[in-house]
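Let us walk through this structure together, one region at a time. Please keep the sequence and the 3D view open as you read.

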Amino acid sequence: EAMRPIQMVDLKTQHSHLQPELNNKILEVVESAAYIKGAEVQKFERELEQYLNVKHVIACANGTDALQLAMMSLGLKPGDEVITTNFTYVATAEIIALLQLKPVLVDVHPDTFNILIDELEAAITAKTKAIVPVHLFGQCSQMEELLQFAKKHKLYVVEDTAQAIGADYTFRDGRRAKAGTIGDIGTTSFFPSKNLGCMGDGGAIFTNNDDLAKQLRIIANHGQSKQYYHDFVGINSRLDSIQAAVLRIKLRHLEEYCHARNEAANRYDQLLAGVNEIIVPARVKNSTHVFHQYVLKTRGVNRDDLKNYLNECGIPCNIYYPVPLNEQLPYKDDSRKFANTDYLCQSVLALPMHTELGEDQQAYIINKLKECIGSIGGGRDDIAQAGFEFDGKINDLISNIQNIISEFIKKKEK
């Protein structure tokens, strides 16, 4: 049997296994004429609450709206500061800036791609009100340490869980919680390519706080608690019934999808064993990984040459992310160094990752990758790599000194 064409995400094959059920359910919603705020939306919210073991799920129009609603519900004022990561999709910082808040960017860990806890202290000012950790590529940030830090400084924690729905975080005392249910609010996206994706746009917010849940529902509905009575400035953001119906079906398969992604990731790891030019994704002990993306780091080989070669061989692959937020025009910040982010932007490469990835496809991908490394050799020499690693160590040292000075000043002020 011929190998199927390789895709970054193969939704067509995934949906083919569910086609009769999806078709019937979509037709049922069409015939019901309850397209907005129908029963399917309420049922989906309840089922997702049960899956996540969280008190409240508020469905909305997309993942960016979910972040906006979360920020709007916290009562922040223009000029207030929100700490987030420099190595993420733009939506995280975009919403902070859109609401006239100030995004304060910090570096990430070079192995996990998640927010660097050691950098938080130096980022704090009198105006800091919240932290937005991004569970990038499918693995939780260091939430226990982050919560302790947030409690110490009386900060809100909003988890950006767009890439990590289904991941489990384990605390030191053995307690487990789903990504997005650990901080004050969690947000997610149901963009079609996500681990739990619909057939259009969709998003949701999670919280265990009754007051925040009430506020979120009001803000998402034009700021009205009762029809035509508007208590707050709100927005119009809702999930439609057809998308909710699709998500109800796919939610029942989410654990199976997470397992399939992990199996594919493990196969990649095995196939890449002994390839010195490639660093496979790190796994942390206290979080499961749901592999929204399988992101390699290259060393001693030119990443862009490798990507171009794979593309020419019919293998899609992507760079998440080629430009850090601090170098994007709206968020420009030359005042600090982000050594780890800079290193990652020049070395990361995401291979195809989805639930339908075949062993023959993965073998072909890695054979071509090895073939390319053998032919192009050290396009970017190891000196550059060593330079990034040295910069990272210097950055850590500067960060530690800044923390010590910051603590000293705070003690003096007391």
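What follows is a tour of the sheets, the helices packed on them, a pocket and two backbone details.

This is a predicted model, in which local features need pLDDT of at least 70, side-chain atom pairs count only at pLDDT 80 or more, and totals for chains, interfaces and linings use all residues. Residues are numbered from 1 along each chain as its sequence is written, and side-chain values use heavy atoms, with hydrogens and water left out.

A good place to start is the sheet with 7 strands, an open one with mixed pairing and the order β1-β9-β8-β5-β4-β2-β3. Strands here are DSSP runs of E with at least two residues, helices are runs of H or I with at least four, and both are numbered from the N terminus. Two strands count as paired if DSSP finds at least two bridges between them. At the edges stand β1 (56-60) and β3 (102-106), each with a single partner strand, so one side of each has no neighbour in the sheet. On average, neighbouring strands of this sheet are turned by 25 degrees against each other, direction ignored. Within the sheet, β4 (residues 128-132) and β5 (residues 156-160) pair in the parallel sense over 2 bridges. Look for Ile131, which stands opposite Val157 in β5.

Now add the helices. Helix α7 (residues 143-152) lies across β4 and β5, running at about 150 degrees to β5. Such angles run from 0 to 180 degrees between N-to-C directions, and axes are lines fitted to C-alpha atoms, for helices over the stretch in contact. Helix α3 lies across β1 and β9 (203-207), at about 135 degrees to β1.

Helix α3 (residues 39-52) also packs with helix α9 (residues 241-251), at an angle of about 30 degrees and with their axes 8 Å apart. Contact, meaning heavy atoms within 4.5 Å, is made by residues including Phe44, Leu48 and Tyr51 of α3 and Ala244, Leu247 and Leu251 of α9. The residues of this contact divide into 8 nonpolar, 1 polar and 4 charged. In this count Ala, Val, Leu, Ile, Met, Phe, Trp, Tyr, Cys and Pro are nonpolar, Asp, Glu, Lys and Arg are charged, and the others, Gly among them, are polar.

Follow α3 onward and you reach the loop between α3 and β1, where Asn53 lies. Phi of Asn53 is near 55 degrees, a positive value in a residue other than glycine.

Next comes a second sheet, open and antiparallel, with 3 strands in the order β12-β13-β14. Its edge strands are β12 (278-279) and β14 (348-351), each pairing on one side only. Strand β13 (residues 294-298) is joined to β14 by 4 bridges, and the two run antiparallel. Here Val295 has Ala350 in β14 as its bridge partner. Two helices lie across β12, β13 and β14: α12 (residues 339-347), running at about 100 degrees to β13, and α13 (residues 359-376), running at about 150 degrees to β14.

One more backbone detail belongs to the loop between α11 (303-312) and α12, where Tyr321 is found. A cis peptide bond joins Tyr320 and Tyr321, with omega about 15 degrees.Finally, the largest pocket holds about 580 Å³, the space filled by probe spheres set on grid points joined across faces, edges and corners. A pocket is an open set of points on a 1 Å grid over the protein atoms alone, where a 1.4 Å probe fits, with protein on both sides within 12 Å along at least five of seven lines; lining residues have an atom within 4 Å of a point.
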